[in-house]
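New to this one? Have a look at the model first, and then we'll walk through it together.

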Amino acid sequence: MTSGLSGSPVDSDLFTVRITDDGTARAIAWGAGYESSTVTLPVTTVISAMLTVGLQYNGATSCWRCVGVA
């Protein structure tokens, strides 16, 4: 999830990621640029369902912090 990103996020910027698999549950490898908070980053998709992950940039750690999963 860290390759191909561009831009210069600042503290509290928001980013939404939507992931849908191909009918088979898939592992998600977030990489070092993402972190869990009180909400844990999901590690697999849900078969044939759109997974939406809300992220907020944490300037103190230079990571996108998971703030919601639906």
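What follows is a short tour of this predicted model, taken topic by topic.

## The sheet

Let's start with the strands. Four of them make up an open sheet with mixed pairing, in the order β1-β3-β4-β2. The edge positions go to β1 and β2, and each has a single partner strand, so one side of each is left without a neighbour in the sheet.

Now for one pairing inside that sheet. Strands β3 and β4 (residues 63-69) run antiparallel and are joined by six bridges. For N58, the bridge partner is C63 in β4.

## The cysteines

That brings us to C63 again, and to a simple question: how many disulfides does the structure hold? The count is zero. The cysteine sulfur closest to that of C63 belongs to C66, and it sits 13 Å away, which is too far for a bond; a disulfide needs the two sulfurs within 2.5 Å. Seen from the other end, C66 is in no disulfide either, with the sulfur of C63 as its nearest at 13 Å.

Are these two cysteines buried or exposed? C63 is buried, at a relative accessible area of 10%, and C66 is buried too, at 0%.

## Salt bridges

Across the whole structure, two salt bridges turn up. One is between E35 and R65, whose side chains meet with 3.0 Å from N to O. This pair ties together distant parts of the chain: E35 lies in strand β2 and R65 in strand β4, 30 residues apart. E35 counts as buried, with 15% relative accessibility, while R65 is partly exposed at 31%.

The other salt bridge joins R26 and D22, and here the closest N and O atoms are 2.9 Å apart. R26 is partly exposed, with a relative accessible area of 41%, and D22 is exposed at 57%.

## Two serines with a positive phi

Finally, a word on the backbone. Most residues other than glycine have a negative phi. S12 is not a glycine, yet its phi is positive, at about 80 degrees. You'll find S12 in the segment before β1 (14-19), where it is partly exposed, with a relative accessible area of 40%.

S48 is also not a glycine and has a positive phi, in this case about 60 degrees. Look for S48 in the loop between β2 (34-35) and β3 (51-58). Its relative accessibility is 53%, so S48 counts as exposed; the cut-off for that is over 50%.

Definitions and conventions:
Residues numbered from 1 in each chain as written. Predicted model: local features only at pLDDT ≥ 70, side-chain atom pairs only at ≥ 80, totals over all residues. Heavy atoms only, no water. Buried < 20%, exposed > 50% of the residue type's maximum accessible area, 1.4 Å probe, protein only. Helix = DSSP H or I, 4+ residues; strand = E, 2+ residues; numbered from the N terminus. Pairing = 2+ DSSP bridges. Salt bridge = Lys/Arg side-chain N within 4 Å of Asp/Glu carboxyl O.
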